[in-house]
Amino acid sequence: MSFPRILALFSNPYRDGSTISTLETIKGLKEWGAEILVVVREEGFLTEELRKLKIKYIISSLPFWQLPPIKNCKDRVKFFPRIAKIIYRENDALRKLNKIIKDWRPSIIYTNVSVIDIGYKAARKSHLPHIWHIREYGDLDFEIKPMTGKKRLHEKLMQSYCVCITKDLKKYHHLGERAEVIYNPIVQDKETKRLQKENVIIFVGRITENKGATEVIESFIAFSSTNNEYELVLLGRCNDNDYLNYLKKLVTENGLENRIHFKGQVENVSEWMQKAKAIIVASKAEGFGRITAEAMLNRCLVIGKDSAGTKEQFDNGRELWNKEIGIRYTTQKELVSGLHKIADMSDSEYKDILDHAYLTVEQLYNQQNHLNKIKDLIKSLK
């Protein structure tokens with residue numbers, strides 16, 4: 001059989017959930033026999049990994065097709081000039097992408113997130129099938145508003161072959177039979193260690209309000225009023241210095257500088273999960289929740305917001321085993337109660353939750369299942 005030539009468009013080169021998930025996908029497709037050329041806007045974690053995998057890539061602009069935010073008077077004044085700049089960048093990027101397509105001649109164009117639409121436009125011009133991976137809500141999780149509105153975005157999605165990473169995302173974007181739900185592959189780089197658990201609660205990911213960082217810290221402060229045995233460690237970058245300073249001031253005002261730690265982005269997240277007693281996933285609208293699945297695979301108990309992708313993972317586990325595989329919460333008060341439950345939980349109850357959470361990831365989010373479904377989709381396009 002002839003294998004496809006896939007032009008894969010990445011929204012960013014950073015080490016985040018969408019990048020890691022797509023890397024696993026293209027790695028498997030390369031081993032299958034597909035030829036892959038990646039387009040990304042700059043060097044970074046992604047390009048380092050591509051070089052290791054001996055996958056070719058091109059640096060080229062891939063602008064987000066979204067309305068500029070209006071948060072103050074300056075934003076209002078600059079709104080239309082910014083619109084003009086976005087349109088110019090989009091047209092310039094599309095011209096360059098069309099040339100790449102003409103020179104390399106792919107059989108499929110693949111876009112790894114829904115916040116860039118240049119792949120859709122190029123595919124339409126070149127009469128090529130376009131696979132669009134839908135990993136986010138857009139407005140609910142990142143406060144992103146499409147340039148031409150949600151209705152036009154939906155029309156574009158309906159003219160592509162969509163892959164949604166959860167059933168809830170498929171429902172939210174009203175995609176019906178046009179989209180297939182394929183869960184992200186969760187692969188453990190190294191064998192899961194059985195590290196000695198420590199009285200540490202972790203938060204992993206971008207430190208933002210949308211990810212629930214304030215709620216996590218405030219809840220831990222409330223929990224610490226009656227428990228002084230645990231520490232909270234936040235692992236992730238914060239691009240807003242004002243917000244980070246606000247959080248640190250909150251910690252200082254409550255005298256918890258020795259028990260709440262900001263470690264920044266780290267490489268050994270898995271080891272932190274393996275030794276931490278629990279992880280809090282507080283995102284208000286998590287697309288899938290790769291961190292949730294990775295924590296389960298690393299036998300770290302998840303205290304998660306009962307919404308969006310996190311809820312779906314909890315529901316999947318409950319459907320499989322007829323029991324909870326983590327601790328759900330909706331309100332901040334319930335999160336504080338969840339922390340107390342962790343502290344008071346028996347060893348046998350704790351182990352039972354970890355075991356069933358681990359088995360859920362092994363059964364539903366394994367690499368082979370994911371890859372087989374992606375390959376079936378690609379074969380159907382030929």
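In the predicted model, helices α11 and α12 meet through three residues on each side: Thr 292, Ala 293 and Met 296 come from α11, and Thr 310, Gln 313 and Phe 314 come from α12. The residues of this contact divide into 3 nonpolar and 3 polar, with no charged residue. Helix α11 spans residues 290-297, and helix α12 spans residues 308-321. Their axes lie 9 Å apart and form an angle of about 35 degrees.

Helix α11 also contributes to the largest nonpolar core. This core has 41 residues. Its largest share, 4 residues, comes from α11. Ile 202 and Ile 279 have the most contacts inside the core. In soluble globular proteins, nonpolar side chains tend to be buried together. Beyond its neighbours up to four places away in sequence, Ile 202 touches Val 233, Trp 272, Met 273, Ala 276, Ala 278, Ile 279 and Ile 280. Ile 202 and Ile 279, the two residues with the most contacts inside this core, thus also touch each other. A second core is separate and has 35 residues. Its members include Ile 207, Val 251, Leu 256 and Ile 280. Ile 280 therefore belongs to the second core, yet Ile 280 is also touched by Ile 202.

Ile 279 leads on to the sheet. In β12, Val 302 is the bridge partner of Ile 279. Strand β11 covers residues 276-281, and strand β12 covers residues 301-305. The two strands run parallel and are joined by 4 bridges. They belong to an open sheet of 6 strands. The strand order is β10-β9-β8-β11-β12-β13, with parallel pairing. Strands β10 (260-264) and β13 (327-329) stand at the edges. Each has a single partner strand, so one side of each is left without a neighbour in the sheet. On average, neighbouring strands of this sheet are turned by 20 degrees against each other, direction ignored.

Thr 111 was examined as a single site. This residue lies in strand β4, which covers residues 108-111. Its relative accessibility is 0%, so Thr 111 counts as buried. The side chain of Thr 111 makes a polar contact of 2.7 Å with the side chain of His 130. Outside its neighbours within four places in sequence, Thr 111 contacts Leu 9, Ile 116, Gly 119, His 130, Ile 131, Trp 132 and His 133. His 130 thus appears both in this list and as the polar partner of Thr 111.

Methods
Residues numbered from 1 in each chain as written. Predicted model: local features only at pLDDT ≥ 70, side-chain atom pairs only at ≥ 80, totals over all residues. Heavy atoms only, no water. Buried < 20%, exposed > 50% of the residue type's maximum accessible area, 1.4 Å probe, protein only. Polar contact = N/O pair within 3.5 Å; in protein donor to acceptor, adjacent residues only side chain to side chain. Contact = heavy atoms within 4.5 Å. Axes fitted to C-alpha atoms, helices over the stretch in contact; angles between N-to-C directions. Nonpolar A, V, L, I, M, F, W, Y, C, P; charged D, E, K, R; others polar. Pairing = 2+ DSSP bridges. Core = buried A, V, L, I, M, F, W, Y, C linked by side-chain atoms within 4.5 Å.
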